[in-house]
Amino acid sequence: MSAPTPAPIPTPTAPGALPLIGHGLRLARDPLPFITSLREYGSVVRIRIGPTPAYVVTDPALTRRVLVTDAGHFTKGGTYYDALRVFLGDGVATVADGDTHLRNRRLMQPMFSKAHIGERGNAMIDQVRTTVGAWPAAEPRDVFADMNEITLSTFLVAVFGAGLPAHLEREFTALMPEIMKGTIRQVILPPWITRLPLPANRAHADRVARLRALIDQAIDHHIDVTAPGSASADGAAGAEACPHAAEAQRQQGGLFETLLGVEDQLGRRQLQDEAITLLAGAIETTGTTLAWALYEIAGNPAVERRLREELASVCGDRPLRYDDLDQLPYSRRVLQEAIRKYGVSWMVTRMVTRDVVLGGHLIPEGADVVWSPYLHQHDSSYFPAPDTFDPDRWEADRVAATRGSFLAFGDGRRKCIGENFAWVELQIILASVLQIWPRFEMTSRPPRAQAVITVKPDALAMEFHSDSAD
């Protein structure tokens, strides 16, 4: 005779909910203190987003059940992804679980192999060095804006190839921050508000439509420059005879070439969705991480010294090359610590496909389950002194204690497909800034963490100097 199933544990509800909007005001005004405060109430805590309940998982072991062990019961969806789909469509990051996701992920996977990314590595370095080297010395710069601009231009070169019209890059740069603000507004407000014909809702819809038009132009440009009869394609005809022509052809092409080869299977709308998904990830997460990393480096002379010594030992006086990246382990640890300390994502949702007992708590079918990389990566049980910036916590003899709680790229079958690309871009940009500018210093107050889609600095200005000391 089997033992009786224990009765579910009552799920605690976070205090402070208001009529109609629930915890929406807390999520809008102080989201990071609010989300991290939930740990004190239990491993699963009920909140309300508008009138709708959601279940926040504060224990990383339970989050791994959601993402890996019992992933079949927790489909990718919920309030967060409903808002993201407004502008990402059904890209690989937001499409529902099932055959479509598996097919599209398999079609995209070759783009993100290390070998394929490596073919674009030196083109990415050239783009970064050109952009960073053009900064005027000793003038205060908006570092967050700069990092977003660099990550965007590097992404465009890597994905769409060389020669993309300059106006497309400018419009991408202007549109994306406003779209991200509109998206988080749709996440935290009740759905009935976001469906009203309000000026803010109309403006968000107009920006998303413009973004799709720009992506379509980028795809068409890429097809035009690689089509038979174009200058690029004609140059490819002599590639076998001339190694320089072959290299020029690789520089002209991009990672997106892989998807264009299967457009008949995906369709133009799906190509748009995938390009927008990659664009959003490239700007928000990478740019934010680099801004925070530079802030922490500027405030930690010992960290900066070790970074520069490592870079000098590998490169000497020559510029960075793609093959150098694997020889810069301390650089990687600094970036990983920046990702850990600042999230980068602070709230992600799944939707329960059937009644589930999680950590002893009953979660009903159709409910939203919320997990937070930011919350888990500030859990002192896994990361002692979580508010301290400590790259050495990622050394091999210490990292085992953090296993399962570093979830910046997700986990399981929906883990971020672009993780390899992100690490390459992060290391290239950080190393290039350090090589080109021997000294940089803060010129603004310390930034405050601001939760939008990512956890970004609210203000961050620096001056970059061509001498190592005054």
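**Entry 1: a hairpin**

I began with strand S1 (residues 44-49) and strand S2 (residues 52-57), which pair in the antiparallel sense over six bridges. Strands here are DSSP runs of E with at least two residues, helices are runs of H or I with at least four, and both are numbered from the N terminus. Two strands count as paired if DSSP finds at least two bridges between them. I looked up the partner of Val44 and found it opposite Val57 in S2. The hairpin of S1 and S2 has two residues between the strands, and Gly50 takes a positive phi near 65 degrees there.

I noted what I was working with. This is a predicted model, where local features need pLDDT of at least 70, side-chain atom pairs count only at pLDDT 80 or more, and totals for chains, interfaces and linings use all residues. Residues are numbered from 1 along each chain as its sequence is written, and side-chain values use heavy atoms, with hydrogens and water left out.

**Entry 2: the whole chain**

I counted elements next: the protein chain has 20 helices and twelve strands. Of its 470 residues, 53% are buried. Buried means under 20% relative accessible area, exposed means over 50%, and partly exposed lies in between (1.4 Å probe, protein chains only).

I then checked contacts, meaning heavy atoms within 4.5 Å. Among those between residues at least 6 apart in sequence, 74% join residues at least 24 apart. The accessible surface of the chain is about 19700 Å², and carbon and sulfur atoms hold 54% of this surface. Those areas come from the Shrake-Rupley method with a 1.4 Å probe; for residues, only the protein chains shown count as cover.

**Entry 3: a three-stranded sheet**

I traced an open sheet of three strands in the order S4-S12-S9, with antiparallel pairing. Strand S4 (141-142) and strand S9 (439-442) stand at the edges with a single partner strand each, so one side of each has no neighbour in the sheet. S4 is joined to strand S12 (residues 461-465) by two bridges, and the two run antiparallel. Asp142 has Ala461 in S12 as its bridge partner.

**Entry 4: the largest pocket**

How much space lies in the largest pocket? I read off about 340 Å³. The search used a 1 Å grid over the protein atoms alone: a pocket is an open set of points with protein on both sides within 12 Å along at least five of seven lines, a cavity is a set where a 1.4 Å probe fits but cannot get out, and lining residues have an atom within 4 Å of a point. Points are joined across faces, edges and corners, and a volume is the space filled by probe spheres set on them.

The pocket is lined by 14 residues; Lys114, Asp326, Arg332, Val424 and Gln427 lie nearest its centre. Helix H6 (114-133), helix H17 (329-342) and helix H20 (419-436) each supply at least two lining residues. H20 gives the largest share, five residues. By class, I found seven nonpolar, two polar and five charged residues in this lining. Ala, Val, Leu, Ile, Met, Phe, Trp, Tyr, Cys and Pro count as nonpolar, Asp, Glu, Lys and Arg as charged, and the others, Gly among them, as polar.

**Entry 5: cavities**

I searched the whole structure and got three cavities of 30 Å³ or more. The second largest has a volume of about 60 Å³. Its lining includes Phe74, Asp97, Arg350 and Asp411. That lining has four nonpolar, no polar and five charged residues.

**Entry 6: single residues**

Is Arg393 buried or exposed? I found Arg393 buried, with a relative accessible area of 4%. Arg393 sits in the loop between helix H18 (373-376) and helix H19 (396-399). Not counting residues up to four places away in sequence, Arg393 touches nine residues listed by name, among them Glu337, Arg340 and Phe383. Its C-alpha atom is 9.7 Å from that of Gln336, 57 residues apart along the chain.

Ala385 is in the loop between H18 and H19 too. Ala385 has a positive phi of about 50 degrees although it is not a glycine, and it is partly exposed at 45%.

Leu20 lies in the segment before helix H1 (24-29). Leu20 also is not a glycine, yet has a positive phi of about 70 degrees. Leu20 is exposed, with a relative accessible area of 64%.
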